[in-house]
Amino acid sequence: MTDRTPDPRADVCVIGSGPAGSLLAAELADRGRDVIVLDAGERFDPEDRFERMERAIRPVFDSPSVWNMGGDRDAFTSAGEWSYPLNHARVKGVGGSTLHWQGMVMRLHERDFERFTRDGIAADWPIDYADLAPYYAQAEHELGLAGALDNPFSPPRDGPFPQPAFPPSYSDSLFADACERLGVTMHSVPNARNSTRYDGRSSCVGYGTCKPVCPSGAKYSATVHVRKAEEAGTRIIDRAPVQRLEHDSSGNRIEAAVYATPDGTTQRQEARAFVIACGGVETPRLLLLSESSRYPNGLANSSGLVGRYFMDHLFVGMGGTLDTETRQNHVGFLTSECHQFYDDPGQRTEGTESEIPGSDANIGPIKLEFLNYAGPSPVEMALTGDSWGDELVETLRRRYGNHIAMGGLVGQLPRAENRITLDHSTTDDHGNPVPRVEWTVDRRSKQTIRRANQLQRAILNELGVDVTWTVGPETTGPAFHHMGTTRMGDDPNTSVVNSSLRTHDLENLWISSSSVFVTSGAMNPTLTIAALALKAADHVSDTL
């Protein structure tokens with residue numbers, strides 16, 4: 001019985017209820033603004049999380065089916081040298097991708113905002129790290145980060161994390177000895193999950209299925225700020241996919257968001273300000289769908305760059321087995337990383353007993369991860385094996401717990417040919433062209449992956465691991481961090497939004513999304529998304 005009629009008093013219409021949209025809505029509602037949020041997906045019942053956990057651990061279910069993804073609604077096409085499995089790691093629903101994300105939260109480095117000035121590549125952001133630092137701090141408290149001040153490579157910050165860091169896992173201690181001998185520095189990982197009771201949510205109880213579902217609610221999801229926004233007076237309308245945005249006769253302002261409802265009707269939500277917070281794929285798609293005689297190539301697209309410069313992070317990994325217990329799969333998230341090779345990825349190390357040679361290749365930042373969940377899960381082994389009873393127990397004892405692995409992320413440079421367009425040959429459940437992902441992996445990214453593999457192999461060899469698998473330059477895949485398709489900049493000819501996140505072309509339309517990223521770095525993007533959402537909230541509020 002959800003009321004899906006428009007709000008005649010809305011100050012702000014937010015499209016999307018993920019980490020950007022929900023945080024921005026809560027912030028504006030707290031300031032007394034009348035806010036309405038439209039989301040294409042459903043509102044999931046939190047009581048269903050245990051059922052979704054069961055789906056997640058049974059091999060018969062794939063990742064999209066855990067959160068009801070698929071079908072005409074979520075149709076897409078992929079082109080280019082590399083196929084892009086878009087639906088594998090996105091969720092359309094109230095809370096967005098934080099319903100199933102891993103929960104890793106790091107700040108970008110100072111260098112990430114100044115890649116052209118410092119390195120002569122890509123482009124600079126129109127803001128620097130210092131501009132975003134206070135918003136980073138606010139976002140860390142809003143999400144409730146657990147972390148420690150033990151990372152010597154992190155950018156400058158004021159004050160501790162809201163919660164203490166999770167202790168290193170048992171397998172972290174195995175890695176630590178090998179890293180010390182090689183001169184590699186390990187440190188803790190900031191997590192958007194509770195190490196203590198925080199903001200009315202329990203501490204982590206260790207289900208270990210963090211991705212794609214946290215049954216206890218200890219991991220942050222945007223539903224936290226959906227609730228806060230509603231408590232402050234915001235209306236959230238689910239299953240209300242926005243079909244297009246309509247502008248006034250002057251072409252300078254958005255008048256309404258036209259959205260569909262489950263009963264087959266179309267509604268028209270007017271507001272004084274509009275914020276698109278749909279992520280790096282659906283945001284440019286909506287702008288392109290909103291073409292008009294004034295904007296024949298799509299809204300906010302006078303630069304021709306809407307959809308261009310699509311970026312993702314690439315996964316790099318390596319693993320195998322040890323002749324000792326590693327206790328992997330007991331923790332569903334990272335507790336240790338290494339950012340030593342982020343700002344200086346080609347550096348040579350000097351350890352207590354050995355070293356890793358340097359590299360002078362043209363490479364980008366590298367984030368190394370010490371995984372806590374390598375190898376098959378006991379459930380998978382039990383369900384896919386042929387043994388039963390005591391024989392099964394003995395099989396699990398022999399095979400489970402001696403796997404070990406490393407992961408990592410590298411970034412892509414922004415390239416205009418990587419982009420999101422409309423595929424008019426395929427339509428969704430409302431007859432709209434679906435998003436088409438044109439994506440390839442460039443030579444520099446592959447060189448960076450080779451360097452990351454070199455670092456991983458050195459550490460695993462030092463540990464004595466029998467390496468059985470590698471994810472390298474030709475076998476890599478996306479981390480599903482969609483960035484860059486409505487980039488930020490001072491020049492309207494080379495960007496879509498300005499440093500206030502407002503579109504250059506329309507005076508009451510803002511974009512709060514990873515789509516505004518100018519460069520990708522190699523850090524998980526959600527904390528930066530949250531910080532930019534808080535920054536956008538300030539600018540939107542100032543204009544009302």
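Which residue lies over the face of tyrosine 170, and at what distance from the ring centre? In this predicted model, that position is taken by arginine 327, at 3.9 Å from the ring centre. A further arginine is placed over a ring elsewhere: the charged end of arginine 157 sits over phenylalanine 161. The two arrangements are set out below.

| Arginine | Aromatic residue | Distance to ring centre |
|---|---|---|
| Arginine 327 | Tyrosine 170 | 3.9 Å |
| Arginine 157 | Phenylalanine 161 | 3.9 Å |

**Aromatic pairs**

Aromatic rings also meet one another, and the count comes to 12 aromatic pairs. One of these joins tryptophan 125 to phenylalanine 517 in a tilted arrangement, with 5.4 Å centre to centre and 50 degrees between the planes. This pair links distant parts of the chain, since its members are 392 residues apart. Tryptophan 125 belongs to the loop between α4 (115-119) and α5 (129-143), while phenylalanine 517 belongs to the loop between β18 (509-511) and α12 (526-543). Tryptophan 125 and phenylalanine 517 are both buried. In addition, Trp82, Tyr84, Phe310, Trp439 and Phe480 make up one aromatic cluster.

**Nonpolar cores**

Tryptophan 125 appears again in the largest nonpolar core, which has 96 residues. Trp125, Leu245, Met488 and Leu532 are the residues with the most contacts inside this core. Helix α12 gives the most to the core, contributing 10 residues. Beyond its neighbours up to four places away in sequence, leucine 532 touches Trp125, Ile127, Leu132, Met488, Leu501, Ser512, Val516 and Phe517. Leucine 532 therefore contacts both members of the tilted pair, Trp125 and Phe517, with heavy atoms within 4.5 Å. A second, separate core has 38 residues, including Trp82, Met406, Ile459 and Val465. Trp82 is also a member of the five-residue aromatic cluster named above.

**Helix α8 and strand β9**

Helix α8 (residues 279-289) is mostly covered, with 10 of its 11 residues buried. Among them are Glu282 and Arg285, together with Leu286, Leu287, Leu288 and Leu289. The buried residues of α8 pack against β1 (12-15), β6 (242-247), β9 (273-276), β15 (419-427), β16 (433-438) and β18.

Strand β9 is itself covered on both faces: Ala273 and Val275 are buried on one side, and Phe274 and Ile276 on the other. Strand β9 runs parallel to β1, to which 4 bridges join it, and valine 12 stands opposite alanine 273. Strand β9 also runs parallel to β18, with 3 bridges between them; here valine 275 stands opposite tryptophan 510.

Note on methods
Residues numbered from 1 in each chain as written. Predicted model: local features only at pLDDT ≥ 70, side-chain atom pairs only at ≥ 80, totals over all residues. Heavy atoms only, no water. Phe/Tyr/Trp six-rings, centres within 6.5 Å; stacked < 30°, edge-to-face > 60°. Helix = DSSP H or I, 4+ residues; strand = E, 2+ residues; numbered from the N terminus. Buried < 20%, exposed > 50% of the residue type's maximum accessible area, 1.4 Å probe, protein only. Lys NZ or Arg CZ within 6 Å of the ring centre and 35° of its normal. Pairing = 2+ DSSP bridges. Core = buried A, V, L, I, M, F, W, Y, C linked by side-chain atoms within 4.5 Å.
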